[in-house]
Amino acid sequence: MKVINYIRMLLWPIALLYGFVIRIRNLLFNINVLKSERFSLPVISVGNITVGGTGKTPVTEYVIRLLKDDGKLALLSRGYKRESQGVIVAHGLSTAAEIGDEPKQILDKFPDVTVCVAEKRVDGICSLLAMEDRPDIIVLDDAYQHRYVNPGLNILVVDYHRPPWRDCMLPAGELREPMNGKKRADIILISKCPENMSADEQDKFVRRMKPSDMQGVYFSTIGYQKVRPVFEDALALDSEKLCDHSVLSVTGIANPVPFEDHIARLVGEMSVMRFPDHHLFNENDIEKIALRFSEISNENKWVLTTEKDAVRFRQVLPSSSNLRKCLYYIPIEIKVLSNQQEEFKDKIITYVKQNKRNR
């Protein structure tokens with residue numbers, strides 16, 4: 001901890017300079033020196049002010065699941081760590097390397113949703129609106145700081161375990177912008193909360209966030225679903241009887257601890273392999289995973305990974321690999337706490353209804 005604090009002190013001057021630059025940039029947008037473009041259809045942004053692992057993807061999927069039957073829906077993402085450039089409208093054969101792992105995950109889960117990636121979101125929206133079957137609703141993934149688009153509904157996701165008032169600006173901390181950037185949010189969703197979070201705890205959190213009267217603040221937790229095979233030819237696995245099994249947890253996400261904690265509650269024995277966030281697994285990685293897996297003596301053994309990592313494994317794991325038969329993932333969904341689920345849904349649906357145009 002002392003080493004971390006020392007490093008933060010060394011990086012503090014850079015963080016002050018970075019924060020100053022971001023404040024000037026936000027001011028230029030606020031006074032219209034830098035222009036934000038607004039579009040004549042519902043545009044919903046899901047983002048954060050903290051780097052890495054706040055739980056944006058489950059929130060994005062929640063919004064898509066809520067709205068996908070209300071019209072033609074499109075997801076627009078930067079496609080973080082993709083190997084391509086420019087505007088790409090995904091198709092069934094698009095790979096995670098081409099469009100990014102999170103857009104690929106959504107493409108696979110929601111085949112009726114148009115998925116587009118673009119560094120410049122304005123260009124991406126214009127390309128979507130130029131399509132013959134153009135969308136009625138656009139969801140922007142991780143676009144809170146991309147202010148060249150002015151979304152009609154801004155959803156800010158805040159990690160319960162990493163509240164912004166305890167943090168500082170990059171690179172000394174994990175804030176992408178100062179905490180007052182939360183003012184642009186219409187909805188503030190606190191993610192990864194304890195399922196039994198009390199009303200008093202929620203009130204304390206809200207007081208520290210200091211939302212405006214116009215901002216809705218909601219609390220959510222992660223709901224882990226049943227274990228599912230990454231590949232169709234996987235061996236049968238009874239996810240209800242894992243207590244006598246051994247598991248190798250393999251993750252390439254920003255914060256694997258909650259995932260690993262969940263697995264530890266399910267199985268008898270667990271080994272862990274961690275890779276960097278958005279890691280594109282290669283042949284050498286597969287060999288290391290296979291070797292580590294072979295060292296587990298229990299006959300009842302499995303590899304468990306996240307849904308996001310499963311997307312990348314499908315792209316790289318050869319058909320000859322024995323890992324295919326024992327590789328499983330655990331999907332997640334968000335659950336809004338304190339009986340506020342309907343209010344949260346209604347806030348999103350009402351915005352769409354009020355701003356939806358005739359096609």
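**Figure 1. Contact between helices α2 and α10 in the predicted model.** In this predicted model, Tyr62, Val63, Leu66 and Leu67 of α2 meet Gln341, Phe344, Lys345, Ile348, Ile349 and Val352 of α10. By class, this contact holds eight nonpolar residues, together with one polar and one charged residue. The axes of α2 and α10, the latter spanning residues 341-355, lie 11 Å apart and make an angle of about 65 degrees. Angles of 65 to 115 degrees count as roughly perpendicular, and α2 and α10 are therefore described as roughly perpendicular to each other. The crossing in which α2 passes α10 is right-handed.

**Figure 2. Contact between helices α2 and α4.** Helix α2 (residues 56-67) also packs with helix α4 (residues 101-109), their axes coming within 11 Å and crossing at roughly 30 degrees. Since angles under 35 degrees count as roughly parallel, α2 and α4 are therefore roughly parallel to each other. The crossing of α2 past α4 is right-handed. On the α2 side the contact is made by Thr57, Thr60, Glu61, Ile64 and Arg65, and on the α4 side by Glu102, Gln105, Ile106 and Lys109. The residues of this contact comprise two nonpolar, three polar and four charged.

**Figure 3. The largest pocket and its lining.** The largest pocket encloses about 690 Å³ of space. It is lined by 35 residues, of which Gly53, Thr57, Glu102, Ile253 and Lys308 are the closest to its centre. Two or more lining residues come from each of α2, α4, β8 (216-224), α7 (257-266) and α9 (307-316). In terms of residue class, the lining of the largest pocket is divided into 11 nonpolar, 11 polar and 13 charged residues. Thr57 and Glu102, which are among the residues closest to the pocket centre, also take part in the contact of α2 with α4, Thr57 from α2 and Glu102 from α4.

**Figure 4. The second largest pocket.** A volume of about 350 Å³ is found for the second largest pocket. Of the 15 residues that line this pocket, Cys193, Thr221, Tyr224, Pro258 and Arg265 are the closest to its centre. The elements that give two or more residues to this lining are β8 and α7, both of which also contribute two or more residues to the lining of the largest pocket. The lining of the second largest pocket consists of six nonpolar, four polar and five charged residues.

**Figure 5. The largest cavity.** The count of cavities of 30 Å³ or more comes to one, and the space in the largest cavity is about 30 Å³. The residues that line the largest cavity are Tyr80, Lys81, Ala96, Gly100, Asp101, His278, Leu280 and Arg312. By class, this lining divides into three nonpolar, two polar and three charged residues.

**Figure 6. Backbone features at Pro171 and Lys192.** The peptide bond that joins Leu170 and Pro171 is cis, with an omega of about -5 degrees. Pro171 is placed in the loop between β6 (153-159) and β7 (187-191). Lys192, although not a glycine, has a positive phi of about 60 degrees, and the place of Lys192 is in the loop between β7 and α6 (199-209).

How values were computed: Residues numbered from 1 in each chain as written. Predicted model: local features only at pLDDT ≥ 70, side-chain atom pairs only at ≥ 80, totals over all residues. Heavy atoms only, no water. Axes fitted to C-alpha atoms, helices over the stretch in contact; angles between N-to-C directions. Helix = DSSP H or I, 4+ residues; strand = E, 2+ residues; numbered from the N terminus. Parallel < 35°, antiparallel > 145°, perpendicular 65-115°, else oblique. Left-handed = near helix turned anticlockwise from the far one by under 90°. Contact = heavy atoms within 4.5 Å. Nonpolar A, V, L, I, M, F, W, Y, C, P; charged D, E, K, R; others polar. 1 Å grid on protein atoms, 1.4 Å probe; cavity = no way out; pocket = protein on both sides within 12 Å on 5 of 7 lines; lining within 4 Å. Points joined across faces, edges and corners; volume = space filled by probe spheres on them.
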